[in-house]
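Work through these exercises with the structure open beside you. Try each task before you read its solution.

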There are 2 protein chains.
Amino acid sequence: MNIGILGLGTVGGGVVNVLNKNQAQITRRSGDNINITHAAVRDTTQIRICPTEDIKLTQDPFEIINNNDIDVVLELMGGTGLAKDLVEQAIENGKHVVTANKALIAIHGNKLLALAKDNNTHLLFEAAVAGGIPILKILEQGLSANQIELVAGIINGTSNFILTEMRNKGRDFGDVLKEAQALGYAEDDPTFDVEGIDAAHKLAILASMAFGCELQFNQVSTEGISKISGEDITFATELGYTIKHLGIAKKLDGKLQMYVHPTLVPKTHLLSNVDGVMNSVLVKGNAVSETLYYGAGAGAEATASSVIANLIDIIKGTVNHDILGWKSLKNIPNCNTGDIESIFYLRLLTTDKLGVLADITATLANHNISVESVIQKQIDQKNNAHIAIITNLTKTSELNKAVAEIQTHDYIQEDVKIIFVKTLN
Amino acid sequence: MNIGILGLGTVGGGVVNVLNKNQAQITRRSGDNINITHAAVRDTTQIRICPTEDIKLTQDPFEIINNNDIDVVLELMGGTGLAKDLVEQAIENGKHVVTANKALIAIHGNKLLALAKDNNTHLLFEAAVAGGIPILKILEQGLSANQIELVAGIINGTSNFILTEMRNKGRDFGDVLKEAQALGYAEDDPTFDVEGIDAAHKLAILASMAFGCELQFNQVSTEGISKISGEDITFATELGYTIKHLGIAKKLDGKLQMYVHPTLVPKTHLLSNVDGVMNSVLVKGNAVSETLYYGAGAGAEATASSVIANLIDIIKGTVNHDILGWKSLKNIPNCNTGDIESIFYLRLLTTDKLGVLADITATLANHNISVESVIQKQIDQKNNAHIAIITNLTKTSELNKAVAEIQTHDYIQEDVKIIFVKTLN
């Protein structure tokens, strides 16, 4: 089995290193020798994290995808421009493709998967979601007897690292973001991480695998963590929650909802204890009920673990993509534009005068929203009251009406902050 | 695809119910219709948890395994006597077999897997370990690029339920065991659960899949939870740990160690937060590093989820058992008879007189064992001291010598209790 790699950076180098160090194991599992024969790189003279003596380096990626001796192309260069053209042409040339590129799959996956099907090749992307956790294998095969009801995951390590540091050390968002970038955790463009776009790419892929429908990245309602303040984290802790950045996909009345946003998770829930750059995905099936999967969401060798598992899957034929299912199924209609039913956390800054809290809770009550917990503090020197409220179960439409009404009062000092609260059971 | 079931109790009934309720999903995933045509039961008139109109019930299991129209036999009756004969003969008749029977696989698996290989049939048993968690699929395929370094799991739900209740509610072991039996959690013979035999069966299977060696159930060093007292649980909590019943398999200097025993796990570790009847397995691979999997370890439909996933694997050919590997590999020698390196918890009951603690720590120091933490209390009316000690990293051989020496002193009021402590990283 001859392999050509597009991109020999962190992930590509990790793949070569893991293939070298675990050669005996991998040959035994796959029953074949996996030879990296070519790699396309921008600069053939650059120092690499892996040995390259046995690999022909080239600056022309088309030399790889047009090479008749190459059976599988690993697309590990990233991006959705050249990478898309190369993957397309590799598939048209009858090659299998393995990629770690979540943006490529989330945005162009429907077309590329259909193309792979037409060309009788495999297009696999285990490494694109949750790094080393074999979550797509689990959804497609391990839980194949289930109708999936819910997928909820911490699927962006950078956001989780930032939230963990903010909680554990009382640090500011901007301060931790800089450290994450220095540590190499953050993507080139940090907005992909902190504004939830990277998580939305991954959620679209997870939802497609879980619910057997086409990829619908543009239907994901997305909010990042950049507006989470230290005060929110402190209030959440006092109320018995941890703030996590979750991607959630679920079926409600036969429709699919996908949203990525900060979420208060009860401290006792396992997801609440997933810290730092680690990823974790909760999957609820209608037979197995709640299951959870945890591991490294990034890193050279963790990502390589998933890329090579896909290679072995191709050699052994242990692939069960559901694209036939997608084609035979009508797309599940998406209802994100409608209401989301949830518990909510509200944070308000008000002038500290008699009757404010009574007025707020009365307004909520007028919209059938009752208050489960409330904390009021006078923290600053300005005679302002800082209020955090946990509501009961309600709908975004009702909540937005109530908050708009509250927002009109003179005692409100800044926009009311709204964060979802999930009991996840 | 025609299926015959041996045993239509909780698991068998769950399989029929899940096949019925998820028929469209399962047909789509498998690309075939799965028909349960026959079921062998002890009493054909008994009321079942599943509909049986379309299933031919028989009291003669051989009617199923000798039926030429049946492609796959589901062995869901349990036991290692008749079940073994039936599985053997089904395989010899060219049928695939799926079983949830951990004792059968742990004890007779080597022979049965070799027989299946010789007869070109599949023998699959995802449901035998950790119920609905697809842990064997994960080890064999999801993490196939890794050399596994450690598997550590909470794999007996009854023991975990008992330990959780003891910790959360201060209840006694015997009291909770009775409740577990009343709730139907405990196996027919509760010693299988509370003495660790069930966990040892599962660990032997996990280790075989993880390390690519033959099943070696009789090499598992096994200790149950029946000697864990409320005092141990209180001390563990005060020291920052939770007592969990773990099955651990790891490679040390090229040798395999397998042991099942109560273990103090740091409160901050995810395994420490796996409560009640839930199961969880931690897997460390040399590429992916630490991963963890969580879900229901038992129950009709969670177990059925794994049984049916195996059925779909057989239809789609997505099986990658490593038995070829086993045959070509020399067995990894087991070194359980030798030393285990660990941190330890010691609990001592002594007369409360001057110099006792100094004498104990001096004896430990003589064996190069230093003390990380110690708590001493005078709880009872008898003027006795209750002492709990966490040691540093040492070996069982050294610890046993030191404890034997301590045990000779007059101030010792009862046998010193020793429990393993794992940091798991």
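**Exercise 1.** What volume does the largest cavity have?

*Solution.* Keep in mind that this is a predicted model. Step one: look for enclosed space. Rolling a probe the size of a water molecule over the atoms shows where empty space is left. Step two: count what turns up. There are 4 cavities of 30 Å³ or more in the structure. Step three: take the largest cavity. Its volume is about 120 Å³.

**Exercise 2.** Find out which residues lie nearest the centre of the largest cavity, and which elements line it.

*Solution.* Step one: list the lining. It has 14 residues. Nearest the centre are Leu124(B), Glu126(B), Glu140(B), Asn310(B) and His321(B). Step two: turn to the elements. In chain B, α6 (135-142) and α12 (300-316) each give two or more residues to this lining. α6(B) gives the most, with 4 residues. Step three: sort the lining by class. It has 5 nonpolar, 5 polar and 4 charged residues.

**Exercise 3.** Now describe the second largest cavity in the same steps.

*Solution.* Step one: the volume. The second largest cavity holds about 100 Å³ of space. Step two: the lining. It consists of 13 residues, and Leu124(A), Glu126(A), Glu140(A), Asn310(A) and Asp313(A) are the closest to the centre. Step three: the elements. Here α6 (135-142) and α12 (300-316) of chain A supply at least two residues each. The largest share, 4 residues, comes from α6(A). Step four: the classes. This lining has 4 nonpolar, 5 polar and 4 charged residues.

**Exercise 4.** How many residues does each chain bring to the contact, and how much area do chain B and chain A bury between them?

*Solution.* Step one: count residues. Chain B brings 51 residues and chain A brings 51 residues. Step two: find the area. The size of an interface is often given as the accessible area lost when the parts come together. For chain B and chain A, the buried area is about 4,400 Å², with 51% of it on carbon and sulfur atoms.

**Exercise 5.** Count the salt bridges and the residue pairs in polar contact between the chains, then describe the side of chain B that touches chain A.

*Solution.* Step one: salt bridges. The count between chain B and chain A is 0. Step two: polar contacts. Here the count is 26 residue pairs, both residues at pLDDT 80 or more. Step three: the elements. On the side of chain B that touches chain A, α1 (10-21), α2 (23-30), α6, β12 (289-296), α12 and α13 (323-328) each supply at least two residues. α12(B) provides the largest share, 8 residues. Step four: the classes. This side of chain B has 22 nonpolar, 19 polar and 10 charged residues.

How values were computed:
Residues numbered from 1 in each chain as written. Chains lettered and ligands numbered in written order. Predicted model: local features only at pLDDT ≥ 70, side-chain atom pairs only at ≥ 80, totals over all residues. Heavy atoms only, no water. 1 Å grid on protein atoms, 1.4 Å probe; cavity = no way out; pocket = protein on both sides within 12 Å on 5 of 7 lines; lining within 4 Å. Points joined across faces, edges and corners; volume = space filled by probe spheres on them. Nonpolar A, V, L, I, M, F, W, Y, C, P; charged D, E, K, R; others polar. Contact = heavy atoms within 4.5 Å. Buried area = accessible area lost by both parts, 1.4 Å probe. Salt bridge = Lys/Arg side-chain N within 4 Å of Asp/Glu carboxyl O. Polar contact = N/O pair within 3.5 Å; in protein donor to acceptor, adjacent residues only side chain to side chain.
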